[in-house]
Every structure is written in C-alpha cells, then in structure tokens.
Amino acid sequence: MEKTFNLTRRDDGIAILTMDVPGETMNTLKAQFGPEISEILAEIKSDSSIRGLVLISGKKDSFVAGADISMLDACKTAGDAKALSQQGHVVFNELEALTIPVVAAIHGACLGGGLELALACHQRVCSDDGKTMLGVPEVQLGLLPGGGGTQRLPRLVGITTALDMMLTGKQIRPKQALKMGLVNDVVPQTILLQTAVEMALAGKRAPKPVKKSLVNQVLEGTSFGRNIIFDQATKQVEKKTQGNYPAPAKIIDCVRQGITKDMQKGLEVEAGHFAELVVSKESEALRSIFFATTEMKKETGAEGASPRKVKKAVILGGGLMGGGIASVTTTKAKIPVRVKDISEKGLSNALAYAYKLLDKGVKRRHMTPAARDNLMALMTTTTEYKGVKDADIVVEAVFEDLALKHQMVKDIERECGEHTIFASNTSSLPISQIAEAATRPENVIGLHYFSPVEKMPLVEVIAHAKTSPETIATTVAFARKQGKTPIVVQDGAGFYVNRILALYMNEAAQLLLEGQSVEHLDKALVKFGFPVGPITLLDEVGIDVGAKISPILEKELGERFKAPAAFDKLLGDDRKGRKNGKGFYQYGASSKKAKAVDESVYGVLGIKPGTNKDAKALAERCVVQMLNEAVRCLEDGIIASPRDGDIGAIFGIGFPPFLGGPFHYIDTLGAANLVRILEGYQSQFGNRFEPCERLKTMAQENAHFF
C-alpha cells in the first residue's frame, strides 16, 4: 500500500515529514492514518541523529484542507465519534511531546484538522501566497474542532481571538496570522522549506507573547475577566443562532473548561461535545448540504455536454443587478466584461458599483490598489453595440418588459456571433416567451441572480424546451466561475425560488391583515431560522416588485397565488420599501440602530394590530405553504431532484440550513404529519392549503425523499 507520510533525513540532522495522500488532489486527515503516524513518531524518537522535524505537504496548493468528513458519516454512535476525536488527541499529543523542535511549513489551505495538526507543532511558518489560508471552519458543519483545537488555539492566540475564529469559521490570511501570533513567520513559498529547516535548527523557542489589545489583556488576565468574555460570547451566540445551532455554545464550554481547569480536562470535554455534535440532526443537515454542493460542482448541468470556454461577456443594463453581475464577472471569474446601457449614467453607476466593492478590499488590505485597478480594467462600457461581436455570453438585466427583452434578443442576434448565448436575468417572465423572438432559440437561457448579486450565492439556470445542452453546460460553468452555486431549473412562472417564496410571503401578509404586528411576525420567522423576517424581506426586495410578480404567477399557476388586495393600498401610498425610504419599517438618518416599524402603515392597510399569536404557530403557517409548493415544483419537473430543491431554498432565500432544506425538513416532519397540518389549515382558510398529490401519495406509503 502506498504510504501517506514519508520521512527523509537531511545531512544537517533535520528530518522532513511529507504528507501526501495518494490519489487525492488535497490532503485530508483520515482515521486510518493514526497507526502510520505513531509508527513514524516512534522511529523519530529512537533515532538520536534527528535534531529537528519539519512537517510539509506534498500537494502543490494545499497543506491539509481538514479532516475527511465522510468518516463522520461512518460513525454509527456518539461513542464512535468520541473515539475518533480521542485518537486525534493521542497522535497530536505524541507529536507535541517530541523533545526535538517540530516546525510546520504551511502553503495553501490549512483548515480544520489541518490547522490542529499545525498547532500541535512547536512552531509554524507559512507562505505569503494568496492560496494560503488558516482557519477552523468546523462550526459551519455544526461541529467543533475535535483534534485539540479548542485547547491549543486559545493558549496560542488568546481567548477572544480564538473564540472569534472558532465561532465564525473565518479564514485567516498569512499577514493576519503573523500579527495574531498564529504563525511565527511568513515567507515567499520559494524559501518556505529552507526557513522551516533553519527554525528547526535554531531549536525550540518559547512563543512570543501575543500582542493583545488593552481590554483583552485586562479581561483575559483574571478569572473574573475571563467569565465576562465567556458570558458575552454566549449572549452574542444566542442572539445570532436563536438557539437553533448547538455547536457555538459547546465551543465556548470547551474553551471555558480547558482554561478554568486544565488542558487534560479540556480535551476530555472537547471529545465529549464533539461526539454529541457529530450525531446531532443539525450537523447531519449541514453536512448533507456540504456533500450536495460538492457533488454539484462535478456536474455540468446537462448530461453528456461539456461547456464552451467563455472569454468575454456582455452585460445589458447598468442598474443594480447589471452592475452586480458585471462586478462578479470581472472580480471573481476574471472574465472581461462590456457593459451596455442606453445612458452614460447607467454606465457610470455600474463602474462605481464595481469600484466600491473592490475598494473595500483595498481598505481592508486584502488587495493592493494596483490589483484593484487591474480588475477594474477588465470592465469597459458602451452606449451602442460596439465591441460586442466576440462575446461568448450576453447577460440581459433590463426592465421586466417582454417587448423590451424581445428587442434585446434581436439586437444580440444581429450584433454578435452565432454561438453567443443570450442569458436573461428575469425573475418572473417565462424564458420560452423571451425565446419566441429568437432565430436561434437554442442559445437562449435564463440566468436568474438574487439581489445583492455579490452576496447571494445562488443562481437559477433556466432551460426552456429548446435550450441546447451545450448552452446549459456553458452557462452553469460561467456561473460557477463567478463564485455562484447554480441549480438548473426548467422554465415556468417564478421558476423555483420565487415560486416557493411567493406563497410564504402571501401567507405572512395574510397574518398581518389578521392583526399580527409587523415585529412579532418577523421575529417569529427569525426564531424559526430564517435570516430575516418576511416583512423585512418585502421591504428589501421592494413592495412594487412583489406586486409585479404576483399577477404573473396567478395567471400561470392559479388562484392560490393571488396576493392580498391590501397591497394596492401600500403602492397607492407610494410605499416601495427601502429603495424609496417608505415601507413597513422606518428608514433615514433617525433609524440607525435597531429598525423601528413605521406605525402609520397599519392605518394605510386599515388594520389595528391585535394580540400576538404563538410564534411557532405563525411560522408553521407560512412555512408549510413553502414546503407544499416545493414538492409541487418537483412534481411539475421544475427542479430535477429534492437535493437541488434543498440547495435552491437554502442559498436562494436563506431557508434554515440546520433543517437541511425543505425536502430534508419534510422527511423530518414526516409526509403524513405535513398533510395533516395542511388539511387542518385547508378546512380553516380554504384551498390555498390543499396538499399536493405527491405529498398525499407519500403520506399513504410512508415514503421519504432521502
């Protein structure tokens, strides 16, 4: 069997231990490595000619990307998971206990178990390369660092910094890592190994004390101060997670116990908590999302078709969406973009938008001004169809008007090449209707981004009946290069995400009209696990946008999509939401801190808020509408699989990730249970709650999606 760890000895007494997992592009830690490492450590201990050890990766661009997550799914019980963590503790303790100096030479991703391995070494040096990132992202999978990370990290960089890293899962760049004391040196990759060898030859050194802010020095220096840190962290975590995620509180407890008692006790607590989290339903759901997105990255979106290379893109429309799409195309995908708009003002808006986003990077010192200017140079503008002939893809982000979009299709077919893809960023118009104006309908596709483009991870790639597989594959690859998670959906009003969102939003509006207050409704759904409440979302998206989409959905999909008539009153009062500073909430200078409800909105709607109903019941009424419609989309073939439906809802509208998405959540609830709830509401409120056929069948057969 090929070995993962290879030991070579140098003449100067330094041994190099190279980790290189055979047949994999990245190094990940696997349970079966334990014995192999122990054997090598025994060999090192027994060889008195070895004066120091350097640990390095044999992979081109990564140190160790973390532990192999599939081994967690192999854990049948909490006991299995605990044994996994304890095995890691044994190996890392052995490494740390070596009497010779041990130095980790880090280049590329050094995450999770990879960073824990580096922390068990006596010193660390990393390359100054853009690919080098250090972090403990376990919390994003509902877990905690189970290889001693909750103990070694706070002792190295201080409690506050360590908690911040572990509770957010953020990745640290080399310069930052040096400043916080996470690494001892940062050097160019060309001299990484040489520097590590010199550090090992110089012998063990006590780590330099970390430069802490005055406040942190005071707080971390006494048990009273440390308690303040832990209590504050707990409060912030509760506010952010609404008690829906168990991992953050357990991370705080591991650090607290390890610091108050000792390292041994801390490791014991860590293994116990890690085990409980591995078998928790929240972590299971978060890991299922991770596997689903990893799997999707390998798919082209169209069986048997491979994508064409996109060397140049054109964006039609320099508005908010156009500017955002142009920006992710140049900065993330590094593809040259030509923005076309009818007015100079639109063009300068798009440029300013992209510049502002890049300049944030310069201000945070993540990017040099020269790098920013180089990326800005990829974006050019025009008010006429000039310099567009060689475009491989055109993304249209103009007004939701079919005649205008038809004009765009004709313009592009006239001005560009025969293979140029025409992608429409429409949120509601069926793509087949847009393609009616095309002589090459196989090149027409939908590419639906969510606002704000640079932040929202999802795009829907919408194929109509005549879209060619190659067009689908090319568009999916293009979206991925922009840093997006694309799901391929079939053409139909509202596509997938807006269709399931519309019913959820309509139900929230019904509850409002029944006398529930704005804040109470929003709080109920945030408590359920959504990032923002439905009324806040309506203000953000724009009340006018919602009013435009509803009739289209109602016409194509039927009565259940009818929006409450009261919305016309809001528009009559010129309330569009955040964009014009008038909506359900107050905007403007006075509303800096927490947002306050604009109480006058109740008068406009002709309602008086009454007694607040139970938050759980309110959330349920909105959410079951979304679940029922998600299954209908699967029934109608709008989405290809429950997996795609889960990813679309989580990344597109922030469906609570710890529930795994609508389809995972239906499996948790049980189809029969969901049908019973829906039928209860149907008898009370009418047919908009009627369970769809597929759910009824599943209820009878006790079937599951996964």
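Two strands count as paired here if DSSP finds at least two bridges between them, and the strands themselves (E, at least two residues), like the helices (H or I, at least four), are DSSP runs numbered from the N terminus. What is on screen is a predicted model, in which local features need pLDDT of at least 70 and side-chain atom pairs count only at pLDDT 80 or more, while totals for chains, interfaces and linings use all residues. Residues are numbered from 1 along each chain as its sequence is written, and side-chain values use heavy atoms, with hydrogens and water left out.

**The whole chain**

Begin with the full chain, whose secondary structure comes to 30 helices and 17 strands. Its C-alpha trace spans about 80 × 60 × 55 Å along the principal axes. The radius of gyration, taken over C-alpha atoms, is 28 Å, which agrees with the value near 27 Å for a compact globule of 706 residues, the globule rule being 2.2 Å times the number of residues to the power 0.38. Of the 706 residues, 55% count as buried, where buried means under 20% relative accessible area, exposed over 50% and partly exposed in between, with a 1.4 Å probe and protein chains only. Among contacts (heavy atoms within 4.5 Å) between residues at least 6 apart in sequence, 74% join residues at least 24 apart.

**The eight-stranded sheet**

Next select β10 to β17, which form an open sheet of eight strands with mixed pairing, in the order β12-β11-β10-β13-β14-β15-β16-β17. At its edges stand β12 (379-382) and β17, each of which pairs on one side only. Neighbouring strands of this sheet are turned by 25° against each other on average, direction ignored; such angles run from 0 to 180 degrees between N-to-C directions, and the axes are lines fitted to C-alpha atoms, for helices over the stretch in contact.

Within this sheet, zoom in on β15 and β16, which pair in the antiparallel sense over four bridges; here Gly446 has Ile462 of β16 as its bridge partner. Helix α27 (residues 642-653) packs on the sheet and touches β16 and β17, its direction making about 125° with that of β17. Then follow the loop between β15 (444-449) and β16 (458-463) to Pro452, where the peptide bond from Ser451 to Pro452 is cis, with omega near -5°.

**The six-stranded sheet**

Move now to the open sheet of six strands, ordered β1-β2-β3-β5-β7-β9 and again mixed in its pairing. Because β1 (5-9) and β9 (185-187) stand at the edges with a single partner strand each, one side of each is left without a neighbour in the sheet. The average turn between neighbouring strands of this sheet is 20°, direction ignored.

Select β7 (residues 123-127) and β9 together: they run parallel and are joined by three bridges, with Val125 opposite Asp185 in β9. Helix α8 (residues 192-201) packs on the sheet, touching β2, β3 (52-57), β5 (102-106), β7 and β9, and its direction makes about 165° with that of β7.

Leu17, in strand β2 (residues 14-19), is a useful next selection. Is Leu17 buried or exposed? At 3% relative accessibility Leu17 counts as buried, and, leaving aside neighbours within four places in sequence, its contacts include Phe5, Leu7, Ile40, Leu53 and Leu55.

**Helix α23 and its two faces**

Continue to helix α23 (residues 543-557), whose 15 residues should span 21 Å at 1.5 Å a residue, in agreement with the 21 Å between its end C-alpha atoms; the expected span is 1.5 Å times one less than the number of residues. Colour Ile543, Ile549, Ser550 and Leu553, which are buried. They cover an arc of only 120° around the axis, which puts them on the same side of α23, the arc being that of the directions from the helix axis to the C-beta atoms. The face turned away from this buried side carries the exposed residues Lys548 and Lys555, whereas the cover over the buried residues includes α20, α22 (534-541) and α24 (567-572). Just after α23, Gly558 takes a positive phi of about 110°.

**Two positive phi angles in loops**

Finally, compare two residues other than glycine. Gln242, in the loop between α10 (223-241) and α11 (247-260), has a positive phi near 55° and is partly exposed, with a relative accessible area of 24%. Phe495, in the loop between β17 (485-490) and α20 (497-513), has a positive phi near 50° but is buried, with a relative accessible area of 0%.
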